[in-house]
Amino acid sequence: MKNIVLIGFMGTGKTSTGRLLAGRLNRPFIDVDKKIEQETGLAISDIFQHYGESHFRQLERDVISRVARYTNTVIATGGGVVLKQENMVRLKNSGIIIALTASLETILDRTSRRGVRPLLDCEDRAERVARLLQDRANLYMKADCTIDTSCMSPHQVAERVIVFLR
Ligand code: S3P
């Protein structure tokens, strides 16, 4: 069976939704960032700080090339996975791509409350988020289905994915 791959900007709920979705569908769950952290023994923020973004992108590409060979798995990716076309080709070949979106306000709120995001560790987070969203908008639109999660809980988003898959 095909994988279900969640893509989307930081704070759109890929990890929480993916975990719930995997539980509901009784499938394994993989979070790409978590896997990178487990394999390197380093937090994502430390990888960015000590080795730079391009090194992180290589680690990400390496994990994607392996998880794209899995089957039947729910895969939550990091927000920047769309930046490399080869990642998207591999993921598209491996399954159904679901893009999660959210409003700028929702993203700012969620990313201020949960997790450490090295790309948003700056003076003007709102400006940075707006610019990254603009740069990446077309890339996220390549998904098979797009769900705006702004006013939804991860449970509701998982339910919406299940309805789409039927
Ligand atoms: C990134 C998103 C992060 C993480 C890294 C880079 C991005 O994952 O992979 O900090 O470029 O958007 P989340 O989308 O899970 O926060």
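**Exercise 1. Placing a proline**

Is proline 118 buried, partly exposed or exposed, and how many other C-beta atoms lie within 10 Å?

*Solution.* Keep in mind that you are working with a predicted model.

Step 1. Find the residue: proline 118 sits in the loop between α6 (104-113) and α7 (125-140).

Step 2. Count its surroundings. There are 15 other C-beta atoms within 10 Å of proline 118. A buried residue needs 20 or more, and an exposed one has 12 or fewer. The count of 15 falls in between, so proline 118 is partly exposed.

Step 3. List its partners. If we skip the neighbours within four places in sequence, proline 118 is in contact with Ile44, Ser45, Phe48 and Gln49.

Step 4. Set sequence against space. Proline 118 and glutamine 49 are 69 residues apart along the chain, yet 7.9 Å separates their C-alpha atoms.

**Exercise 2. Around the ligand**

Name the residues that surround the ligand, then sort the shell by class.

*Solution.* Step 1. Start with a residue you know: Pro118 is one of those surrounding the ligand, and its sequence neighbours Arg117 and Leu119 are listed as well.

Step 2. Add the others: Met10, Lys14, Thr15, Asp33, Ile44, Gly78, Gly79 and Gly80. Ile44 may look familiar, as it is also a contact of proline 118.

Step 3. Sort them. The shell has four nonpolar, four polar and three charged residues. Glycine counts as polar here, so Gly78, Gly79 and Gly80 belong in the polar group.

**Exercise 3. Reading the fold**

How many helices and strands does the chain have, and in what pattern do they follow each other?

*Solution.* Step 1. Count the elements: the chain has eight helices and five strands.

Step 2. Walk along the sequence, and the pattern reads β-α-β-α-α-α-β-α-β-α-α-β-α.

Step 3. Check the overall size. The radius of gyration is 15 Å, close to the 15 Å that the globule rule gives for 166 residues, so the chain is as compact as a globular protein of that length. Along its principal axes, the C-alpha trace spans about 45 × 35 × 25 Å.

Step 4. Look at burial and contacts. Of the 166 residues, 36% count as buried. Among contacts between residues at least 6 apart in sequence, 75% join residues at least 24 apart.

**Exercise 4. Inside the cores**

Which residues of the largest nonpolar core touch the most other members?

*Solution.* Step 1. This core holds 32 residues, and the ones to pick out are Val5, Ile7, Val32, Ile75 and Ile98.

Step 2. See where the core comes from. Elements giving two or more residues to it include β1 (3-8), α1 (14-25), β4 (95-101) and α8 (154-165). The largest share, five residues, comes from α4.

Step 3. Turn to the other core. A second, separate core has five residues, among them Phe9, Ala102, Ile107 and Val129.

**Exercise 5. Two isoleucines**

Compare the contact lists of isoleucine 98 and isoleucine 96, leaving aside neighbours within four places in sequence.

*Solution.* Step 1. Isoleucine 98 is in contact with Ile4, Val5, Leu6, Ala143, Asp144, Cys145, Ile147 and Val161.

Step 2. Isoleucine 96, which lies in strand β4, is in contact with Lys2, Ile4, Val5 and Asp144.

Step 3. Compare the two lists: Ile4, Val5 and Asp144 appear in both.

Step 4. Judge the exposure. Isoleucine 96 has 17 other C-beta atoms within 10 Å; a buried residue needs 20 or more, so isoleucine 96 is partly exposed.

**Exercise 6. Two asparagines with positive phi**

Where do asparagine 26 and asparagine 72 lie, and is each one buried, partly exposed or exposed?

*Solution.* Step 1. Asparagine 26 is in the loop between α1 and β2 (29-31), and its phi is near 55 degrees. With 7 other C-beta atoms within 10 Å, asparagine 26 is exposed.

Step 2. Asparagine 72 is in the loop between α4 and β3, with a phi of about 65 degrees. Its 13 C-beta neighbours inside 10 Å make asparagine 72 partly exposed.

**Exercise 7. Trusting the model**

What are the confidence scores of this model?

*Solution.* Step 1. The mean pLDDT of the chain is 96, and 100% of its residues reach 70 or more.

Step 2. The model also scores ipTM 0.99 and pTM 0.97.

Terms used
Residues numbered from 1 in each chain as written. Predicted model: local features only at pLDDT ≥ 70, side-chain atom pairs only at ≥ 80, totals over all residues. Near = placed C-beta within 6 Å. Core = buried A, V, L, I, M, F, W, Y, C linked by C-beta atoms within 7 Å. Helix = DSSP H or I, 4+ residues; strand = E, 2+ residues; numbered from the N terminus. Contact = placed C-beta atoms within 7 Å. Rg over C-alpha atoms; globule rule 2.2 N^0.38 Å. pLDDT = per-residue confidence, 0-100.
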